[in-house]
Amino acid sequence: MPRTLKSKDFAGDAPEVARRLIGATLLVDGVGGVIVETEAYDMSDAAAHTHRGPTERNRAMFGPPGHAYVYFNYGLHWCLNFVCREEGHGAGVLIRALQPTQGLAQMRARRGLEDERLLCAGPGRVGQLGIDKAFYGLPLDRPPFVVHAPDPAQPVAVVAGPRIGISKAQALPWRFGLAGSRYVSRKF
């Protein structure tokens with residue numbers, strides 16, 4: 001039985017947690033798959049929503065680790081982040097892509113496509129697991145979430161590179177992915 005991640009598992013620096021999440025399994029109401037791409041954000045970097053301090057929108061990112069920070073991106077998609085570090089710091093990990101493994105029929109119906117490679121390739125598509133503002137601030141170790149650690153018997157090869165889709169702090173190598181995965185949003 002895989003180990004379920006608890007709040008303490010998210011207490012590290014965002015890049016460290018983002019790297020460790022590659023190969024983990026994320027389920028939302030039983031639908032999801034293996035995390036194959038993440039991006040780390042910390043209040044010290046200009047691209048983070050927390051860079052200018054707490055606001056009503058980003059307050060969950062300053063909360064305790066192991067909770068969801070959900071935001072509406074460009075008026076189109078809900079994006080899911082896992083809050084990291086200690087309470088009051090303002091750091092998290094954006095879940096950028098999954099390899100779908102559970103609930104594929106539901107995903108296909110929501111997305112209107114058959115190609116499983118495209119079902120969760122990108123943070124907006126991950127949000128279509130059913131994520132919306134009702135998930136804001138919820139703990140990751142209780143339903144509707146289940147997050148299992150990667151199987152320690154299966155080595156995970158992780159690649160890193162610069163984050164994408166941002167205009168500030170682009171050079172930080174805080175985008176992580178499963179080496180060779182065809183489910184990432186963009187090749188490394």
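D9 counts as buried, at 17% relative accessibility (buried is under 20% relative accessible area, exposed over 50% and partly exposed in between, with a 1.4 Å probe and protein chains only). Its partner in a salt bridge is R3, with 3.1 Å between the closest N and O atoms; the term covers a side-chain nitrogen of Lys or Arg within 4 Å of a carboxyl oxygen of Asp or Glu. R3 itself is partly exposed, at 46% relative accessibility. The model behind these values is a predicted one, where local features need pLDDT of at least 70, side-chain atom pairs count only at pLDDT 80 or more, and totals for chains, interfaces and linings use all residues. Residues are numbered from 1 along each chain as its sequence is written, and side-chain values use heavy atoms, with hydrogens and water left out.

The salt-bridge count comes to 13. Another one of these joins R85 to D13, at 3.2 Å from N to O. That pair links distant parts of the chain, 72 residues apart: R85 is in the loop between β4 (77–84) and β5 (91–102), while D13 is in the segment before α1 (14–21). Helices (H or I, at least four residues) and strands (E, at least two) are DSSP runs here, numbered from the N terminus. With a relative accessible area of 18%, R85 is buried, whereas D13 is partly exposed at 39%. R85 also has a positive phi of about 65°, although it is not a glycine. The bridging doesn't stop at the pair, as D13, D42, R85 and E86 are linked in a network of salt bridges. Elsewhere, R142 forms a salt bridge with D141, with the closest N and O atoms 3.8 Å apart, and D141 counts as partly exposed at 23% relative accessibility.

Now for the rings. A search of the whole structure finds 5 aromatic pairs, taking rings of Phe, Tyr and Trp (its six-membered ring) with centres within 6.5 Å, and calling planes under 30 degrees apart stacked, over 60 edge-to-face and the rest tilted. One of them, F10 with F82, is edge-to-face, with 5.6 Å centre to centre and 90° between the planes. F10 lies in the segment before α1 and F82 in strand β4, so this pair ties together parts that are 72 residues apart in sequence. Both rings belong to buried residues: F10 has a relative accessible area of 2%, and F82 comes in at 0%. F135 and F145 make another edge-to-face pair, at 5.7 Å centre to centre and 75° between the planes. Here F135 is in the loop between α3 (123–127) and β6 (145–148), and F145 is in strand β6, 10 residues apart. F135 and F145 are buried too. Y69, Y71 and Y136 are linked by ring pairs into a cluster. There is also a cation over a ring: the charged end of R175 sits over F188, 3.8 Å from the ring centre, the criterion being NZ of Lys or CZ of Arg within 6 Å of the ring centre and within 35 degrees of the ring normal.

Helix α1 has A14, P15, V17, A18 and L21 as its buried residues. They are on the same side of α1, because they cover an arc of only 165° around the axis, where the arc is that of the directions from the helix axis to the C-beta atoms. An α-helix has 3.6 residues a turn, so residues three or four places apart point the same way. The cover over the buried residues of α1 includes β2 (31–42), β4, β5, β6 and β8 (175–178). Just after the helix, G23 takes a positive phi of about 95°.

R163 sits in the loop between β7 (158–161) and β8, and is buried at a relative accessible area of 3%. Its side chain reaches the backbone oxygen of A40 at 2.9 Å. The side chains of R163 and D45 are joined by a polar contact of 3.1 Å (a pair of N or O atoms within 3.5 Å; within protein, one must be able to donate a hydrogen and the other to accept it, and residues adjacent in sequence count only if both atoms are side-chain atoms). Leaving out residues up to four places away in sequence, the residues that R163 touches include E39, Y41, A47, K168, W174 and R175, with contact meaning heavy atoms within 4.5 Å.

Two backbone details remain. The peptide bond from P143 to P144 is cis, with omega near 15°, and P144 lies in the loop between α3 and β6. D29, not a glycine either, has a positive phi of about 50°; D29 lies in the loop between β1 (25–28) and β2 and counts as exposed, at 59% relative accessibility.
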